[in-house]
Amino acid sequence: MPSMLHAVAALALLTLGVYFLMTILGIAAKAKGQLSDEYSLTKTGAPPPAWVGNAARNLINLCELPLLFYVWAGMLYATGMPVDGMALMLAWGFVASRYAHTFVHVTINNMALRFLLHRIGAVILAVMWVQFLLAL
């Protein structure tokens, strides 16, 4: 049965996957002449194509809100609080929302759908933290 640590690892792997995807896409754009040294060094000049920039912006997203997920999971273990079925369901729901958001962001980049998926994850995360704080 998947545990909380599996959910944490799944989100970490998604973040690393997007990091390496961004790197590969950046190398491809550079090879095609679509990414300048100027932009790479100073973020001035012509920006890279959307297919490169979307992965980079998604990586930033994966280093923002998910930080609260990692802290929440660590706090559960640090306090010895039991990890029940509800905690697991919420954890995996949050991770699923991040995978869905990432998929949309780096493929079709539909803003309305991205927004919805991001907010679903934020609501799940808020519920996780409220439950944790009430249980202290």
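Let's start at the largest pocket, whose lining draws at least two residues from each of three helices: α1 (4–31), α2 (37–42) and α3 (50–62). Keep in mind as you look around that this is a predicted model. Among the contributors, α3 gives the most to the lining, with four residues. The pocket holds about 300 Å³ of space, and 13 residues line it. If you would like to find its centre on screen, pick out Met-22, Lys-43, Pro-48, Val-52 and Ala-56, which lie nearest to that point. Sorted by class, the lining of this pocket has seven nonpolar residues, four polar ones and two charged ones.

Now step back to the whole chain. The secondary structure of the protein chain comes to six helices and zero strands, so reading the elements from the N terminus simply gives α-α-α-α-α-α. Taken along the principal axes, the C-alpha atoms fill a box of roughly 55 × 30 × 25 Å. The chain has 136 residues, and 37% of them count as buried.

With that frame in mind, return to α1, this time for the surface. Leu-13, Leu-16, Tyr-19, Phe-20 and Tyr-99 make a nonpolar surface patch of about 520 Å². The largest share of this patch, four residues, comes from α1, the helix that also supplies at least two residues of the pocket lining. Leu-16 is a good one to look at: this leucine is found in helix α1 and is one of the patch residues. How accessible is Leu-16? Its relative accessibility is 45%, so Leu-16 counts as partly exposed. A patch residue needs over 30% relative accessible area, and Leu-16 has 45%.

The last stop is about charge. How many salt bridges does the structure hold? There is one, and it joins the side chains of Asp-37 and Lys-30, with a distance of 2.3 Å from N to O. To place the two partners, note that the range of α1 is 4–31 and that of α2 is 37–42. Are these partners buried, exposed or something in between? Asp-37 has a relative accessible area of 47% and is therefore partly exposed. Lys-30 is partly exposed as well, because its relative accessibility is 37%. Both values fall between the limits of 20% for buried and 50% for exposed.

To retrace the route, you can go from the pocket lined by 13 residues, through the chain of six helices, to the nonpolar patch of about 520 Å², and end at the salt bridge between Asp-37 and Lys-30.

Notes. Residues are numbered from 1 along each chain as its sequence is written. This is a predicted model: local features need pLDDT of at least 70, side-chain atom pairs count only at pLDDT 80 or more; totals for chains, interfaces and linings use all residues. Side-chain values use heavy atoms; hydrogens and water are left out. On a 1 Å grid over the protein atoms alone, a cavity is a set of points where a 1.4 Å probe fits but cannot get out, and a pocket is an open set with protein on both sides within 12 Å along at least five of seven lines; lining residues have an atom within 4 Å of a point. Grid points are joined across faces, edges and corners, and a volume is the space filled by probe spheres set on the points. Ala, Val, Leu, Ile, Met, Phe, Trp, Tyr, Cys and Pro count as nonpolar, Asp, Glu, Lys and Arg as charged, and the others, Gly among them, as polar. Patches are made of residues with over 30% relative accessible area and no salt bridge: like charges are joined within 9 Å, nonpolar side chains (Val, Leu, Ile, Met, Phe, Trp, Tyr) within 5 Å. Accessible areas come from the Shrake-Rupley method with a 1.4 Å probe; for residues, only the protein chains shown count as cover. A salt bridge is a side-chain nitrogen of Lys or Arg within 4 Å of a carboxyl oxygen of Asp or Glu. Buried means under 20% relative accessible area, exposed over 50%, partly exposed in between (1.4 Å probe, protein chains only).
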